[in-house]
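Biologist: Got a minute to walk me through this model? I'd like to start broad and then poke at a few residues.

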Amino acid sequence: LASVIIPDSVTTIGDDAFHSCYSLTDLVIGNGVTTIGNYAFTHCTSLASVTIPNSVASIGDGAFLFCYSLTDIYYSGTKTEWQKIAIGENNENLIGKDIHYNVELCDHSCHKGGLAGFFWKITLFFSKLFRSNQYCECGVAHY
């Protein structure tokens with residue numbers, strides 16, 4: 001499991017939902033999510049990029065604990081809205097990271113399956129190999 005897109009129909013990501021998904025590198029949370037549970041992504045040590053909608057009102061204790069690779073957080077709201085999120089304890093990985101505000105959330109067609117998804121994965125592989133950024137149709141960077 002390298003990439004996860006939580007659909008807009010989901011409202012809560014439960015406690016420990018993705019705990020220890022070591023190969024998870026990219027996470028896109030849908031617009032319907034309001035709550036990220038305790039330790040939901042703990043020990044996702046390869047997680048580098050998270051896209052969070054401004055619908056999120058709370059992030060549970062340790063939700064991103066031990067996510068050592070997390071470098072970029074894409075947030076659809078403003079900095080003021082981000083500061084209003086109730087963020088639980090042991091989420092130091094969310095503090096001091098490069099937060100990109102006002103990011104447009106989209107369907108992330110670059111992650112879809114089929115032929116388009118196959119070509120995107122090849123493009124992403126070479127972009128990682130040569131350390132260049134590639135972007136989805138909505139402008140979210142993938143490294």
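Modeller: Sure, we can go from the overall fold to the core, the rings, the cysteines and a few loop residues. Keep in mind that this is a predicted model.

Biologist: How many helices and strands does the chain have?

Modeller: There are two helices and 11 strands. Going along the sequence, the order is β-β-β-β-β-β-β-α-β-β-α-β-β.

Biologist: And what share of the residues counts as buried?

Modeller: The chain has 143 residues, and 42% of them count as buried. As for the surface, about 7300 Å² is exposed, with 56% of that coming from carbon and sulfur atoms.

Biologist: What about long-range contacts, what fraction comes from residues 24 or more positions apart?

Modeller: Taking contacts with a separation of 6 or more, 43% are between residues 24 or more positions apart.

Biologist: OK, on to the core. Which residues have the most contacts inside the largest nonpolar one?

Modeller: Ile36, Phe41 and Phe64, in a core of 28 residues. Strand 1 (3-6), strand 3 (26-29), strand 5 (49-52) and strand 7 each put at least two residues into this core.

Biologist: What does Ile36 touch, leaving aside its neighbours within four places in sequence?

Modeller: With those left out, Ile36 is in contact with Ile13, Ile29, Phe41, Val56, Ser58, Ile59, Gly60, Ala63 and Phe64. So both of the Phe residues just named for the core, Phe41 and Phe64, are on that list.

Biologist: Let's do rings, then. How many aromatic pairs turn up in the whole structure?

Modeller: Five. One of them is Phe41 with Phe64, which is stacked, at 5.3 Å centre to centre with 15 degrees between the planes.

Biologist: Where do Phe41 and Phe64 sit?

Modeller: Both are in loops: Phe41 is between strand 4 (35-36) and strand 5, and Phe64 is between strand 6 (58-59) and strand 7, so their pairing ties together parts that are 23 residues apart in sequence. Both residues are buried.

Biologist: Which rings are linked into a cluster?

Modeller: Phe18, Phe41 and Phe64, through ring pairs.

Biologist: And what kind of pair do Tyr75 and Trp82 make?

Modeller: Edge-to-face, with the centres 5.1 Å from each other and the planes at 70 degrees. Tyr75 is buried, at 1% relative accessible area, and Trp82 counts as buried too, at 7%.

Biologist: Switching to cysteines: how many disulfides does a search of the whole structure find?

Modeller: Zero.

Biologist: Why is there no bond between Cys21 and Cys44?

Modeller: Because the sulfur of Cys21 is 5.0 Å from the one in Cys44, its closest cysteine sulfur, and that is too far for a bond. The cut-off for a disulfide here is 2.5 Å between the sulfur atoms. Seen from the other end, Cys44 also has Cys21 as its closest partner, at that 5.0 Å. Cys44 counts as buried, at 0% relative accessibility.

Biologist: Now some polar side chains. What does the side chain of Ser76 reach?

Modeller: The backbone nitrogen of Asn54, at 2.6 Å. Ser76 is in the loop between strand 7 (72-75) and helix 1 (79-83).

Biologist: Is Ser76 buried or exposed?

Modeller: Buried, because its relative accessible area is 19% and the limit for buried is under 20%.

Biologist: And Asn93, what does its side chain reach?

Modeller: The backbone oxygen of Cys67, at 3.3 Å. Asn93 lies in the loop between strand 8 (86-87) and strand 9 (98-100) and is buried, with a relative accessible area of 17%. Beyond four places in sequence, Asn93 is in contact with Phe64, Leu65, Phe66, Cys67, Tyr68, Leu70 and Ile73.

Biologist: Last topic, backbone angles. What is phi for Asp16?

Modeller: Positive, about 60 degrees, although Asp16 is not a glycine. Most residues other than glycine have a negative phi. Asp16 is in the loop between strand 2 (12-13) and strand 3, and at 43% relative accessibility Asp16 counts as partly exposed.

Biologist: What about phi of Ser20?

Modeller: Also a positive value, near 65 degrees. Ser20 is in the loop between strand 2 and strand 3 and counts as partly exposed, at 23% relative accessibility.

How values were computed. Residues numbered from 1 in each chain as written. Predicted model: local features only at pLDDT ≥ 70, side-chain atom pairs only at ≥ 80, totals over all residues. Heavy atoms only, no water. Helix = DSSP H or I, 4+ residues; strand = E, 2+ residues; numbered from the N terminus. Buried < 20%, exposed > 50% of the residue type's maximum accessible area, 1.4 Å probe, protein only. Polar contact = N/O pair within 3.5 Å; in protein donor to acceptor, adjacent residues only side chain to side chain. Core = buried A, V, L, I, M, F, W, Y, C linked by side-chain atoms within 4.5 Å. Contact = heavy atoms within 4.5 Å. Areas by Shrake-Rupley, 256 points an atom, 1.4 Å probe, with all protein chains shown as cover. Phe/Tyr/Trp six-rings, centres within 6.5 Å; stacked < 30°, edge-to-face > 60°.
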